[in-house]
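Colleague: I should be grateful if you would take me through this model, beginning with its aromatic rings and moving on to its helices.

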Amino acid sequence: MINTPQTHHDSTVVRYQGFSLLLSHSAIFSTIVISLILLLAVIASLALGSTFIPLNAALPAILGQGSHSTLLLVQEIRLPRIFAGLITGTALGTAGCLIQTMARNRLASPDLLGINNGATLAIILGLIVGNILGSWWLALIGAAGCALLIFMLAGRWGRQGYRVLVIGLAIAVMLRSVIELLMSTVSLQHASTLYTWSLGSLVGRGYSASLPAALGLTLLLPTALLLSRRLALLRFEEGLAASLGLNVSKTQLFIMLLTIGLAGLGVTIGGPIGFIALASPIIASRFADPAHIPIFRSALIGAIVIICADTLGRITSSHAEVPVGVITSILGGPFLLWVLLSKQ
């Protein structure tokens, strides 16, 4: 039996037997607003592109109603691509929120630390050795190897936040140089597709490429949400967090494994798309109370940025679309400067 909820200034406490849940009114409201923005972004992505589809034709096509050409464009091309973008953005946004909170540094993200490049390198090696581009488990191995290297060189994540960032940046540069070297050796048969994917692209990515990541996300995202209370304690000094009953080392390991899994799954779909993991938690924090870890809102904002960037890339040029990774990189430069120069 659920006890009567107790309402406070900006939250409601719901108790059920020995469990309690704190519901923040502002968090619920902001999540609803962000979800509506995501819905609008998806609808716009259905309509916009090299061929414009009016909404009164695009929306019925989702249910299988309309002309053959409209059904082909919506159901076979745009919907699978939107699905891939949603999974990629959600995974990268969540990964960014986890690692930024754990490292206590808002510049810490899988792309800046080289974790995305590690996943990319593993996939390219898989293509060269065994022609197995897109295997999700290769991305996880590469991301885990890079994270392990950073951990060995930098020490504990929370205690060495800036050291982790500097070492991660150096590793990211080295991995990118190795990626470019290997790409120069790939046969012409795969070079064009591989180059576009290495920039970060959703071209040709549909349900089959996204399904493993979608299944993984259904497990990893709820797990991340369940660990949000422990993650909040990691924002304190390790001694204080331990005195509050937190097993710091164990929690850091869980969070790092989640980050590796989420970043690897995101990369295996769209390649090493930058900016998403960095920006999503920072934007989400603007909609959140400082006491809360905006994991779910970071996931939603990551999906919004991916969908909007992919749509913008399709309508920017009439000759050839701009890969989503290029669009996010263009946005990422000014955003990174804003983060570095911001006083907050």
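The exchange below concerns ring pairs, a covered helix, a buried serine and two helix contacts.

Modeller: Please note that this is a predicted model, in which local features need pLDDT of at least 70, side-chain atom pairs count only at pLDDT 80 or more, and totals for chains, interfaces and linings use all residues. Residues are numbered from 1 along each chain as its sequence is written, and side-chain values use heavy atoms, with hydrogens and water left out.

Colleague: How many aromatic pairs does a search of the whole structure find?

Modeller: Rings of Phe, Tyr and Trp (its six-membered ring) pair if their centres lie within 6.5 Å; planes under 30 degrees apart count as stacked, over 60 as edge-to-face and the rest as tilted. Under that rule, the number of aromatic pairs found in the whole structure is 3.

Colleague: What is the geometry of the pair of Phe83 and Tyr207?

Modeller: The ring centres of Phe83 and Tyr207 are 5.5 Å apart and their planes lie at 55°, so the pair is tilted. Helices are DSSP runs (H or I, at least four residues), numbered from the N terminus. The pair joins distant parts of the chain, 124 residues apart, with Phe83 in helix H3 (residues 68-103) and Tyr207 in helix H8 (residues 207-226). In short, the geometry is tilted.

Colleague: Which accessibility class does Tyr207 belong to?

Modeller: Buried means under 20% relative accessible area, exposed over 50%, and partly exposed in between (1.4 Å probe, protein chains only). Phe83, at 28%, counts as partly exposed. Tyr207 has 42% relative accessibility, so its class is partly exposed.

Colleague: Which residue do ring pairs link with Phe275 and Phe335 into a cluster?

Modeller: The rings of Phe275 and Phe335 have centres 5.4 Å apart and planes at 85°, so they form an edge-to-face pair. Phe275 lies in the loop between helix H11 (248-270) and helix H12 (276-285), while Phe335 belongs to helix H14 (residues 324-341), 60 residues away. Both Phe275 and Phe335 are buried. The cluster is completed through ring pairs by Trp338.

Colleague: Which helices do the buried residues of H12 pack against?

Modeller: H12 is mostly covered, with 8 of its 10 residues buried. Among them are Ile276, Leu278, Pro281 and Ile282. These buried residues pack, by contact (heavy atoms within 4.5 Å), against H3, helix H13 (295-316) and H14.

Colleague: Is Ser198 buried or exposed?

Modeller: Ser198 lies in helix H7 (residues 188-199). Not counting residues up to four places away in sequence, it touches Arg176, Met183 and Pro272. Its relative accessible area is 2%, so Ser198 is buried.

Colleague: How does H2 lie relative to H3?

Modeller: Axes are lines fitted to C-alpha atoms, for helices over the stretch in contact, and angles run from 0 to 180 degrees between N-to-C directions. The axes of helix H2 (residues 55-62) and H3 come within 9 Å and cross at roughly 70°. Angles under 35 degrees count as roughly parallel, over 145 as roughly antiparallel, 65 to 115 as roughly perpendicular and the rest as oblique. H2 is therefore, relative to H3, roughly perpendicular.

Colleague: And how does H1 lie relative to H13?

Modeller: The axes of helix H1 (residues 25-47) and H13 come within 9 Å and cross at roughly 20°. The residues in contact include Ile34 and Leu38 of H1 and Leu300 and Ile304 of H13. The crossing angle therefore makes H1, relative to H13, roughly parallel.

Terms used
Helix = DSSP H or I, 4+ residues; strand = E, 2+ residues; numbered from the N terminus.
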